[in-house]
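This report goes through a few local features, taking strands, helices and single residues in turn. Please keep the sequence and the 3D view at hand while reading.

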Amino acid sequence: MHKNFTFDPELQKEIKSRFYYMDENPLGRKRLFFENSGGSLRLKACVEAKTRYEQIPDCPLRYHDVSLKLHEIKDKGIRDLMEVLFGAAPGEGALVTELTPSKVTFSITRAIVENVPGTNVVTTAIEHPSAYDAARMYAEKTGKEFRVAKANPENGGVDVDEILKLVNKDTCLLSVMSASNISGKVFPMKEIVEKARQIKPDLFIISDAVQHAPHAALYAHDLQLDGLVIAPYKAMGIRGCGYGYVSDRVAALPHDKLLAKPEKEWELGTYPHANFAAMSAMVDYICWIGRHYTDIQDRRTQYVVGFQYCHAHENSLLERMLEGTEALPGLRHIPGVELYFDGPVDDSRDLVVAMGLKGMDYTALREEYDKRGVLVFERINTSEYSKRIVESLGRTGLLRVSPLHCHDFSDIDHFLEITWDLSLIHISE
């Protein structure tokens, strides 16, 4: 992908038009939404699909015309999730559906740790609490050793060797996130999986892909993963649902299910068809972007290509944010700005920046941005959700800035202008 790629201005305009509240919040206040790691901007198509199908009272398990149509919507949603979004082979694995992605993570982790032989469970210090706590809780419940790979404070990730040295032939589960929701560091999953399975060929490996899914395609089949978890509300979709992919061997493990259902069925009850329609709308959107750059009609190919160009555009936004222009300094050049885990702008980073202003409290800094119409978020060690992660990275806190591919250079420049002003004010004080 070309290093300096950005979407054509007309396409960028069209992309922006497909999201709600790009330039102002629901209260009518002008705002720059740079908090997509906490819950991304919403695609209008996802919300509209959810609304349209929620109006229908018919049960999809009946046989009249409307119910049959709803069943088609669900089947399409499952295919889009499994084969297009997760990258599973046709007929491979099973879909896990829950109210939240955290519950999906707990369900998958529980099935593996409680039923797969082994004496230890391995994860990393910077996992989201849903993955970390699930691994720890079920390891302790089953009497297995809980092993945690330490973080690398320089790059905001976890070195592969730190993970591998904890894996042995008695490891029951390796749980490693696809990308950090604090630093934006993308984990080299292909290398991790290949090297871990050289140690134990039948090792069960799952990944929290909640942070990475809004920025790139996932590869359940190609990586031979046993589990992947996503959060629609962090990937331009809706709240109220979480999805996970599990491999055939995980799908067959004991788990909560109706006894009359097939062995590998993980769905409990009649799942809302409207949620599947919303997920198909998200996949439709990325495929639409992909069709601007490929003539191939295969939906998975369009999705992969679409995200390749989204990520390339985001890399250009990140480069602009860090370096700025001749007239407007980037974060690397604004006096007083501190950048954490900074490094090359390439496929090893998603569009997340961890920063601070020298000598300034992170909460106070977030409030100053908010006063100026920029929404960002502080991750600090007084928060039960952030303490373990930020301290493992050698910090007491940081300010997280997380735009999305629907933003453009004008958005980045506006953020830099405000940051420059804050820096001057802070220095003068």
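A residue is called buried when its relative accessible area is under 20%. The model discussed here is a predicted one.

## Strand β10 and its partners

By that cut-off, strand β10, which spans residues 353–357, is mostly covered, since five of its five residues are buried. The cover extends to both faces of the strand, with V353, M355 and L357 buried on one side and A354 and G356 buried on the other.

Strand β10 has pairing partners that include strand β9 (residues 337–340), to which it is joined by four bridges in an antiparallel arrangement. In this pairing E338 has G356 of β10 as its bridge partner. Strand β10 also pairs in the antiparallel sense with strand β13 (residues 397–401), here over three bridges, and V353 stands opposite V401 of β13.

## Helix α12

Helix α12 covers residues 362–371, and its buried residues are Y362, L365, E368 and Y369. Viewed down the axis of α12, these buried residues fall within an arc of 115°, so they line one face of the helix. The general background is that an α-helix has 3.6 residues a turn, so residues three or four places apart point the same way.

The two ends of the helix each have a local feature to inspect. At the start of α12, a side-chain oxygen of D361 comes to within 3.0 Å of the backbone nitrogen of T363, while just after α12 the residue G373 adopts a positive phi of about 80°.

## Two buried threonines

T109 belongs to helix α4, which runs over residues 101–115, and T109 counts as buried because its relative accessibility is 0%. The side chain of T109 reaches the backbone oxygen of T105 at 2.8 Å. When neighbours within four places in sequence are left aside, T109 is in contact with A134, A135, Y138, L173 and I206.

T171 is found in strand β5, which comprises residues 171–175, and T171 is likewise buried, with a relative accessible area of 0%. Which side chain does the side chain of T171 join through a polar contact of 2.8 Å? The partner is N120, whose side chain takes part in that polar contact. N120 also appears among the residues that T171 touches when those up to four places away in sequence are not counted, together with V122, L166, K200 and L203.

Methods:
Residues numbered from 1 in each chain as written. Predicted model: local features only at pLDDT ≥ 70, side-chain atom pairs only at ≥ 80, totals over all residues. Heavy atoms only, no water. Buried < 20%, exposed > 50% of the residue type's maximum accessible area, 1.4 Å probe, protein only. Polar contact = N/O pair within 3.5 Å; in protein donor to acceptor, adjacent residues only side chain to side chain. Contact = heavy atoms within 4.5 Å. Arc of directions from axis to C-beta. Pairing = 2+ DSSP bridges.
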